[in-house]
Amino acid sequence: AVKVADVDNTKLSSCEVELLNTPDGLFESLVFLSDNGVSPSSSKITVIKGRNNQSFLLDGVASLNLYNILLSTVGYLNTDLDPTPGSRQISFICADEGGEESAPYLTVVNVVPLNQAPIIDLNNNNVNGLNLNATFIEGEGPVALFDQNVDGNFDNNDLPYISDPDSTVLTKCEVVLQNIQNPGDEALSIDETLLAGLPGFIHGYQPASSTYTIQGTGTHAFYQSVLNTLKYNNINENP
């Protein structure tokens, strides 16, 4: 909580709050959080917002208690999906009724980013939902899972769409064949020529776990193009 004191005044005339460093630019701002029943609009204090809401001036003669309450509701907001880690400094300067200003006092906010998981949209980014159905017909060979022209206009939009708000690359993708009915006869495959000769990539199907693993650092687009060649096959004569 914020506490403002003055040995020879019971009121303040203004307080200025400023976010001093903003490595994430316009994503960072100052806000008023829960007002505890008191807000600038319900008091005699006027709020003058600075550029990009990264500073504001509380202006108006009011009691120390009211300023304490309002300053206690000041919050820091960062809407960047991949914020820059480190500390942010917020400066508070208040003036009494006679215009005498306090020294600047600092609050430090430590920004800690959280790693967000990728999202895989199997039926591309232009169709509702994330999942996809495919049909395997006995005797017709492996069935492609993705190039099914699901939006009526086959193009790159029919690729499985991968997004990640805080990373432009992926390091691994695992495709697991679940609910197997014909053990040993069902399998997954990809066009392995796309990975041939690429340094650092490991790939292959593991029958024991029914998992096809692609491991190596690559862009979303690259992983999308590889996954687009994914096929399912069942060699059982009575699947």
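Tutor: Two strands pair if DSSP finds at least two bridges between them. Keep that in mind as we read this predicted model.

Student: Happy to. Over how many bridges do S1 and strand S4 pair, and in which sense?

Tutor: S1 and S4 (residues 55-63) are joined by seven bridges in the antiparallel sense. To find a position across the sheet, look at Glu-18, which faces Ser-55 in S4.

Student: What is the order of the strands in the open sheet?

Tutor: The order is S3-S4-S1-S6-S7, five strands with antiparallel pairing. At the edges are strand S3 (46-49) and strand S7 (105-111), each pairing on one side only. On average, neighbouring strands of this sheet are turned by 20 degrees against each other, direction ignored.

Student: Which strands does helix H1 lie across?

Tutor: Helix H1 (residues 64-71) lies across S1, S4 and strand S6 (86-96), and runs at about 155 degrees to S4.

Student: Now a loop residue: is Asp-24 buried or exposed?

Tutor: Asp-24 counts as buried because its relative accessibility is 8%, and buried means under 20%. Asp-24 sits in the loop between strand S1 (11-19) and strand S2 (28-32). Leaving aside neighbours within four places in sequence, its contacts are Asn-78, Asp-80, Pro-83, Thr-84 and Arg-88.

Student: And how many aromatic pairs does the structure hold?

Tutor: A pair of aromatic rings is described by the distance of the centres and the angle of the planes. The structure holds five such pairs. In the pair of Phe-222 and Tyr-223, the centres are 6.3 Å apart and the planes at 85 degrees, so this pair is edge-to-face. Phe-222 and Tyr-223 form one aromatic cluster with Phe-201. Tyr-223 counts as buried, at 0% relative accessibility.

Methods: Residues numbered from 1 in each chain as written. Predicted model: local features only at pLDDT ≥ 70, side-chain atom pairs only at ≥ 80, totals over all residues. Heavy atoms only, no water. Phe/Tyr/Trp six-rings, centres within 6.5 Å; stacked < 30°, edge-to-face > 60°. Buried < 20%, exposed > 50% of the residue type's maximum accessible area, 1.4 Å probe, protein only. Helix = DSSP H or I, 4+ residues; strand = E, 2+ residues; numbered from the N terminus. Contact = heavy atoms within 4.5 Å. Axes fitted to C-alpha atoms, helices over the stretch in contact; angles between N-to-C directions.
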